[in-house]
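Please look over the sequence and the structure shown here before reading on. The report is meant for a reader who has not met this structure before.

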Amino acid sequence: MEYKDLIEKAIEAREKAYCPYSNFKVGAAALFEDGTIYTGCNIENASFGGTNCAERTAIFKGVSEGNKTLKALALIGDTKTYTYPCGICRQVISEFVENKDTAIILVKNKDEYMIKTFEEILPGAFTKKDLEN
């Protein structure tokens, strides 16, 4: 699958980050089952618990519009190395991924990125399927 558009949207979203405390910009783009891409950036708050990560912003936008199945997610933070989702973002991603092979694209720039499966970034994830058994 081609992810260039998803990657470009994540890069664009990164520029909208509100990060006056960390100065660490993060952007994400989430592709849902209907083909719609929702973007998000990190949004910090003086009360650090009120901060929201880019991945969750993008996912929550999609879910709030009625989408429930995440087909792929692109993420860019530091442009010199790959930025992985934090623990809470990995857990939120696990709630909506299509399956354990869902693509998580870690981006440095439009030409440098790597594709991981969700299982690779959170092996053995506790999911809603565990509650059904």
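The sections below treat the core, the helix α2, the aromatic pairs, a buried lysine and the pockets in turn.

## The nonpolar cores

The model is predicted, and every value in this report is to be read with that in mind. Its largest nonpolar core contains 21 residues, and within this core Ile59, Leu70 and Ile93 have the most contacts. At least two residues of this core come from each of β1 (27-32), α2 (54-64), β3 (70-76), α3, β4 (103-109) and α4, while α2 gives the most, with 4 residues.

Leucine 70 shows how such a residue is surrounded: when residues up to four places away in sequence are not counted, leucine 70 touches Ala30, Leu31, Phe32, Ile59, Ile93, Phe96, Val97, Glu98 and Thr102. Another core, of 12 residues, lies apart from the largest one, and Tyr3, Ala10, Ala74 and Ile105 are among its members.

## The helix α2

The helix α2 is largely enclosed by the rest of the structure, because 8 of its 11 residues are buried. The buried residues of α2 are Ala54, Glu55, Arg56, Thr57, Ala58, Ile59, Gly62 and Val63, and they pack against β1, β2, β3 and α3. Just after α2 comes glycine 66, which takes a positive phi of about 105°.

## Two aromatic pairs

The count of aromatic pairs comes to 2. In one of them, tyrosine 21 and phenylalanine 48 meet edge-to-face, with 6.0 Å from centre to centre and 75° between the planes. Tyrosine 21 lies in the loop between α1 (4-14) and β1, and phenylalanine 48 lies in the loop between β2 (37-41) and α2, so this pair ties together parts that are 27 residues apart in sequence. Tyrosine 21 counts as partly exposed, at 43% relative accessibility, whereas phenylalanine 48 is exposed, with a relative accessible area of 61%.

The pair formed by phenylalanine 32 and tyrosine 38 is also edge-to-face, because the ring centres are 5.7 Å apart and the planes stand at 80°. Here both phenylalanine 32 and tyrosine 38 are buried.

## A buried lysine

Is lysine 108 buried or exposed? Lysine 108 has its place in strand β4, and its relative accessibility of 17% makes it count as buried, because the cut-off for buried is under 20%. Leaving aside neighbours within four places in sequence, lysine 108 is in contact with Ile76, Thr79, Lys80, Thr81 and Tyr82.

## The pockets

Rolling a probe the size of a water molecule over the atoms shows where empty space is left. The largest pocket holds about 250 Å³ of space, and its lining is made up of 18 residues, with Ser94, Val97, Asn99, Thr127 and Lys129 lying nearest its centre. Each of α3 (87-96), α4 (118-121) and α5 (128-132) supplies at least two residues of this lining, which by class has 5 nonpolar, 5 polar and 8 charged residues.

The second largest pocket has a volume of about 160 Å³. This second largest pocket is lined by 16 residues, of which Phe24, Val26, Asn42, Cys53 and Glu55 are the closest to its centre. Its lining divides into 9 nonpolar, 5 polar and 2 charged residues. Glu55, one of the residues closest to the centre of the second largest pocket, is also among the buried residues of α2.

Technical notes. Residues are numbered from 1 along each chain as its sequence is written. This is a predicted model: local features need pLDDT of at least 70, side-chain atom pairs count only at pLDDT 80 or more; totals for chains, interfaces and linings use all residues. Side-chain values use heavy atoms; hydrogens and water are left out. On a 1 Å grid over the protein atoms alone, a cavity is a set of points where a 1.4 Å probe fits but cannot get out, and a pocket is an open set with protein on both sides within 12 Å along at least five of seven lines; lining residues have an atom within 4 Å of a point. Grid points are joined across faces, edges and corners, and a volume is the space filled by probe spheres set on the points. Ala, Val, Leu, Ile, Met, Phe, Trp, Tyr, Cys and Pro count as nonpolar, Asp, Glu, Lys and Arg as charged, and the others, Gly among them, as polar. A nonpolar core is a set of buried Ala, Val, Leu, Ile, Met, Phe, Trp, Tyr and Cys residues joined through side-chain atoms within 4.5 Å. Buried means under 20% relative accessible area, exposed over 50%, partly exposed in between (1.4 Å probe, protein chains only). Contact means heavy atoms within 4.5 Å. Rings of Phe, Tyr and Trp (its six-membered ring) pair if their centres lie within 6.5 Å; planes under 30 degrees apart count as stacked, over 60 as edge-to-face and the rest as tilted.
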